[in-house]
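Biologist: Please give me a close look at one part of this model. Then place it among the contacts and elements elsewhere in the chain.

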Amino acid sequence: LPGLPAVYADNDEAQTLEIVLEDSATGVEAMLLYGVLPELDIITRSVYVRNQSSEKIYVNKVMSAELDFLYGDYDLLTFYGRHAMERNLQRVPVVHGSQMIGSVRGTSSHQYNPMMILAEKDTTEDHGGCYAMSFVYSGNFQGEVLKDQYNQTRMLLGVQEECFRYPLEAGETFYAPEVILSYTDQGMNRLSQNLHSCIRHHICRGKYKTAIRPVLVNSWEAAYFDFTGETLYNLAKEAKSLGIDMLVLDDGWFGKRDDDNSGLGDWYVNEKKLGETLGGLVKRVNDLGVKFGIWIEPEMVNPKSELFEKHPDWAIHLPNRETYYYRNQLVLDLSNPKVQDYVFSVVDNIMTENPDLAFFKWDCNSPITNVYSPYLKEKQNQLYIDHVRGVYNVFKRVAEKYPHLPIMLCSGGGARCDYEALKYFTEFWCSDNTDPIERLYIQWGFSQFFPAKAMCAHVTSWNKNTSIKFRTDVAMMCKMGFDISLKEMNEDEMKYCQEAVANYKRLKGTILDGDLYRLVSPYDTNHSSVMYVDKAKSKSVLFAYDIHPRFGEKTFPVKLQGLDPNKKYKVQEINLMPGQKSTLVTDGGTFSGDFLMKIGMNVFSTAHARSKVIELTEVH
Ligand code: DGJ
């Protein structure tokens, strides 16, 4: 799809069916594109509108995919949220009329993700029919489910109607982004596995499609804006002793940026604050055997910045009106090719001056506010589309020039997590909320659509009522990292983390690329459990969490899934605190997959905020 991300596949893996619809009265054509990946139970759908008439037309609405169900009674699953509370699962019956989700914030947003599931009434994680739709797009979107007078259900996903009226001159074409669809009769776990495989093999690109991803420590929650080169060097040193591979320097290293009021746009190193050059710091950290990554937010500008003084017309904002600032900043107008060049040059200059940088965290903290493009002038109805096209153009140029550079995509946490992003980025910062209890819910929601390797989860000092073990065990379910001053930890905690990092590195392949099974939902119980199984079914990691069990609650065994019933597995609890003994009755024993899946294991307790990580290894 020109200018748009899409699923890719080899000729022998997929076929595309094209259906042309023609409106003979006007000569306008709509082309429906169906891509089929039979091995994965994935169908992609997109549409483009071609103006074959002799006059200008306006496209006022375009839905990339539509599914019609002539009968059946369904539930709709959507994932709502807000800053620091992303991806809450909502399951409601489909009722007569229309149920709608969407974004009008310029990005896919914290509020909803561009993804929906339609499930038969009795569908659970492990059985029943369900259909998923997910938009491969990072801008405004609209999803809708309608039930009519004959109880027929229609599910639609596509471009947001609000502020959309796209002009097409004679001969021009409008390409709508792609939607990924999947169906299974085996429950939501299988649906997620289909989508995860599609992402891993047909969206992710570059070296980190398969390469092992580094474990990093990020400076944000360890130091916020308050650091020097020495603070960072010491953090890297401590991190090294834990076995961490990389230090990421977050916000505050450039321009005049000691808080979030100023500096965005002025991407030159604040050497006074660092007390040294960036290159010097990178070298010192690299000499410890620790890689160095850096944070940027190049699509944004603070009005208090040299960039804004020089180019006020590069920012999206209304003339003659009081400007509303979200986090004291404005969004740069990426519909303007000059601004695209500038944003690309931010990354390019940093990389040219510091070729040893091994990672970027790319942030985007404001939705589009004061919606007016000084560049588009009278063509404001194109802004949301042309801006995102401009954003993609920059992402593409960065990916082409730096194909091996892993980049985390962040948007005040999870405001721009969608399948598009994974074409250019290796992972998402899912949420600024790193309270491990909240994370159990947030990660549960994300996991419906995204594989663990795309979901960053960091050990932080949020919710110190929970142990470092609990916080680490929750982070370990995803792409684990740290965002904490390691000085906060005592000796036992450091020892525990050292072992946890080593365990994680050993088991990363299974966690990040294995099949996910959500076993016990935190939404339905006072506990939660998920497991990952590798493709050969010879290694598995089970995570179990007690959240806030009720007084005198009776716990129940958890039946495992995805193992080979005929194989034998050694069960071993790992990630124990120094001196802690496992209370798992099955610890150290060997059991058949059949037993573990039919009888299960008692992994829960009645303690608050307790966790267990259990490794299962095939024995011959
Ligand atoms: C929001 C991100 O989600 C945080 O992790 C951090 O990078 C801040 N921005 C920095 O301003």
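Modeller: I take the ligand site in detail, then salt bridges, an enclosed helix, two backbone angles and a surface patch.

The model is predicted: local features need pLDDT of at least 70, side-chain atom pairs count only at pLDDT 80 or more, and totals for chains, interfaces and linings use all residues. Numbering runs from 1 along each chain as its sequence is written, and side-chain values use heavy atoms, without hydrogens or water.

Start with the shell. The ligand is surrounded by 13 residues. A residue is near a molecule or strand if one of its heavy atoms lies within 4 Å of it. The closest are Asp-250, Asp-251, Lys-361, Asp-363 and Asp-432. By class, the shell holds 6 charged, 4 nonpolar and 3 polar residues. Here Ala, Val, Leu, Ile, Met, Phe, Trp, Tyr, Cys and Pro count as nonpolar, Asp, Glu, Lys and Arg as charged, and the others, Gly among them, as polar.

Now the contacts. An N or O atom in the side chain of Asp-251 is 2.7 Å from a ligand oxygen. For Lys-361, a polar side-chain atom lies 2.8 Å from an oxygen atom of the ligand. For Arg-327, the corresponding distance is 2.9 Å. Taken alone, the ligand exposes 290 Å², and the protein buries 97% of that. Accessible areas come from the Shrake-Rupley method with a 1.4 Å probe; for residues, only the protein chains shown count as cover.

Next, the salt bridges (a side-chain nitrogen of Lys or Arg within 4 Å of a carboxyl oxygen of Asp or Glu). The count comes to 33. Lys-479 pairs with Glu-427, with the closest N and O atoms 3.0 Å apart. Lys-479 lies in strand 25 (residues 479-482) and Glu-427 in strand 23, so the pair ties together parts 52 residues apart in sequence. Helices (H or I, at least four residues) and strands (E, at least two) are DSSP runs, numbered from the N terminus. Both Lys-479 and Glu-427 are buried. Buried means under 20% relative accessible area, exposed over 50%, partly exposed in between (1.4 Å probe, protein chains only).

Asp-513 and Arg-200 meet in another salt bridge, at 3.3 Å, N to O. Asp-513 lies in helix 12 (residues 491-513) and Arg-200 in helix 1 (residues 188-202), so this pair ties together parts 313 residues apart in sequence. Arg-200 is buried at 5% relative accessible area. Asp-513 is partly exposed at 30%.

Helix 11 (residues 468-475) comes next. Of its 8 residues, 8 are buried, so helix 11 is largely enclosed by the rest of the structure. Charged side chains are included: Lys-469, Arg-471 and Asp-473 are among the buried residues.

Two backbone angles deserve a check. Most residues other than glycine have a negative phi. Ala-84 has a positive phi near 65°. Ala-84 sits in the loop between strand 6 (74-82) and strand 7 (85-93). Asn-370 has a positive phi of about 50°. Asn-370 is in the loop between strand 21 (359-362) and helix 8 (383-401), and is buried at 12% relative accessibility.

Last, the surface. Leu-17, Ile-19 and Leu-21 form a nonpolar patch with about 240 Å² of accessible area together. Patches are made of residues with over 30% relative accessible area and no salt bridge; like charges are joined within 9 Å, nonpolar side chains (Val, Leu, Ile, Met, Phe, Trp, Tyr) within 5 Å. Ile-19 belongs to strand 1 (residues 15-23).

Technical notes:
Polar contact = N/O pair within 3.5 Å; in protein donor to acceptor, adjacent residues only side chain to side chain.
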